[in-house]
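Welcome! Take a moment to look over the sequence and the 3D view below, and then we can walk through them together.

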There are 2 protein chains.
Amino acid sequence: MTTPLPGRPSRGSNSGQPIMALFDLLGRRWTMRLLWELRSGPKSFRTLQEACGGMSPSVLNTRLKDLRKSLLIENQPQGYALTSLGDHLMKKLDPLRDWSEDWSTALGKSD
Amino acid sequence: MTTPLPGRPSRGSNSGQPIMALFDLLGRRWTMRLLWELRSGPKSFRTLQEACGGMSPSVLNTRLKDLRKSLLIENQPQGYALTSLGDHLMKKLDPLRDWSEDWSTALGKSD
DNA sequence: CATCTTGCTTCTCTTATAGTAGCGGTGTTT
DNA sequence: AAACACCGCTACTATAAGAGAAGCAAGATG
């Protein structure tokens, strides 16, 4: 499957609106999780794989490719790392942590 | 597949941390998109389907089920609508629209 | 009665992801 | 040099998720 990028139609959207491309990109298994794991600093391919519970290397590789194409991560000597663009995105996603706590409570599974 | 909920292990995470369950839930095709479409008010099954470019009714149905279980949407007389919980989540996701514009620019596809 | 819309269900086919194995390269230790 | 340990992958098969078309039962409308 092709990497979803703003400016060109994505899955279920022929408008090419950036937000739709973003949902298409993030709405794939492991994508948000991977970015989340990289918040704490660069990680190697295998470290990432372990951090994600032994996720399939084939999928990991395709995700890493997509995220690189999307300029959200880059391959540095220390390993894969968020770009400043990716870092900004994660900062936008950060409030989700608080929300998910409330969510947990609402569902009566309040840890 | 089972609906990911906080408090129980989700795909790639045996911790049951709410944020992981959230990523698991949102990291599925159409999920974020559906919530996004409901921001503007309640929509019927078929309206939603059209809004999402004719997405498969089978998938739509399972997503709606999942989102109801997760208390993010509910079935009202006017159609499917965000719960207050779902509405709060969308407010947290709203800054993504701005970010995606910057993203678009960075990729040189500035609309 | 006939016709429309709505919320689905059922079916088959294709695509995405999981899971295991292993390669070639680099660096370090013996 | 040989052995090991790591690295970023690639190739393969098996299963699960999603696409796409058809249609059905229930309710409203003519």
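How many of the residues of H1(B) are buried? Nine of its nine residues are, so this helix is mostly covered, going by a cut-off of under 20% relative accessible area for "buried". Please keep in mind as you read that this is a predicted model.

**A covered helix in chain B**

The buried residues of H1(B) include Pro18(B), Ile19(B), Met20(B), Ala21(B) and Leu22(B). Phe23(B), Asp24(B), Leu25(B) and Leu26(B) are also among them. What do these residues pack against? Within chain B, their partners are H2, helix H4 (57-69) and helix H5 (84-93). From chain A, H2 and helix H6 (95-106) join in.

Ahead of this helix, in the segment before H1 of chain B, you will find Arg8(B). Arg8(B) is partly exposed, with a relative accessible area of 43%. Its C-alpha atom lies 10.0 Å from that of Met20(B), and the two residues are 12 places apart in sequence.

Helix H2 of chain B holds Thr31(B). Is Thr31(B) buried or exposed? Thr31(B) is buried, because its relative accessible area of 1% falls under the 20% cut-off. Leaving out residues up to four places away in sequence, Thr31(B) touches Leu25(B), Leu26(B), Arg63(B) and Leu67(B). One of these partners, Leu67(B), is 36 residues away in sequence, yet the C-alpha atoms of Thr31(B) and Leu67(B) are 8.2 Å apart in space.

**Aromatic rings between the chains**

Now to the rings. Over all chains, the count of aromatic pairs comes to four. One of them is formed by Phe23(A) and Trp36(B). This pair crosses between chains, with Phe23(A) in helix H1 (residues 18-26) of chain A and Trp36(B) in helix H2 (residues 31-38) of chain B. Phe23(A) is buried, at 5% relative accessibility, and Trp36(B) is buried with a relative accessible area of 5%.

Another pair is made by Trp36(A) and Phe23(B). Here Trp36(A) lies in helix H2 (residues 31-38) of chain A and Phe23(B) in helix H1 (residues 18-26) of chain B, so this pair joins two chains as well. Both Trp36(A) and Phe23(B) are buried. The table sets out the geometry of these two pairs.

| Aromatic pair | Centre to centre | Angle between planes | Arrangement |
|---|---|---|---|
| Phe23(A) and Trp36(B) | 5.2 Å | 70° | edge-to-face |
| Trp36(A) and Phe23(B) | 5.2 Å | 70° | edge-to-face |

Why do these pairs count as edge-to-face? An angle over 60 degrees between the planes is what the term requires, so the 70° of Phe23(A) and Trp36(B) qualifies. The 70° of Trp36(A) and Phe23(B) therefore qualifies too.

The tryptophans also have charged company. Arg39(A) lies over the face of Trp36(A), 3.7 Å from the ring centre. In chain B, Arg39(B) lies over the face of Trp36(B), at 3.7 Å from the ring centre.

**How the two copies are related**

What rotation superposes chain B on chain A? A turn of 180° does it, with 0.0 Å of shift along the axis and an RMSD of 0.0 Å. The two copies are thus related as by a two-fold rotation axis. The same surface serves both copies, with 100% of the contact residues of chain B recurring in chain A. Among the residues of chain B, Gly27(B) comes closest to the rotation axis, its C-alpha lying at 2.1 Å.

**Core and cysteines**

The largest nonpolar core has 64 residues. Which residues have the most contacts inside it? They are Leu72(A), Trp103(A) and Trp103(B). Trp103(A) reaches residues of chain B, including Pro4(B), Leu5(B), Pro18(B), Ala21(B), Leu22(B), Leu25(B), Leu72(B) and Leu85(B).

The structure holds zero disulfides over all chains. Cys52(A) is buried, at 0% relative accessibility, and Cys52(B) is buried at 1%.

**Chain A as a whole**

Finally, step back to see chain A in full. Chain A has six helices and two strands, and from the N terminus on its elements run α-α-α-α-β-β-α-α. The C-alpha atoms of chain A fill a box of roughly 40 × 35 × 25 Å along the principal axes. Of its 111 residues, 51% count as buried.

Terms used: Residues numbered from 1 in each chain as written. Chains lettered and ligands numbered in written order. Predicted model: local features only at pLDDT ≥ 70, side-chain atom pairs only at ≥ 80, totals over all residues. Heavy atoms only, no water. Phe/Tyr/Trp six-rings, centres within 6.5 Å; stacked < 30°, edge-to-face > 60°. Helix = DSSP H or I, 4+ residues; strand = E, 2+ residues; numbered from the N terminus. Buried < 20%, exposed > 50% of the residue type's maximum accessible area, 1.4 Å probe, protein only. Lys NZ or Arg CZ within 6 Å of the ring centre and 35° of its normal. Least-squares fit on C-alpha atoms with pLDDT ≥ 70 in both. Contact = heavy atoms within 4.5 Å. Core = buried A, V, L, I, M, F, W, Y, C linked by side-chain atoms within 4.5 Å. Disulfide = S-S within 2.5 Å.
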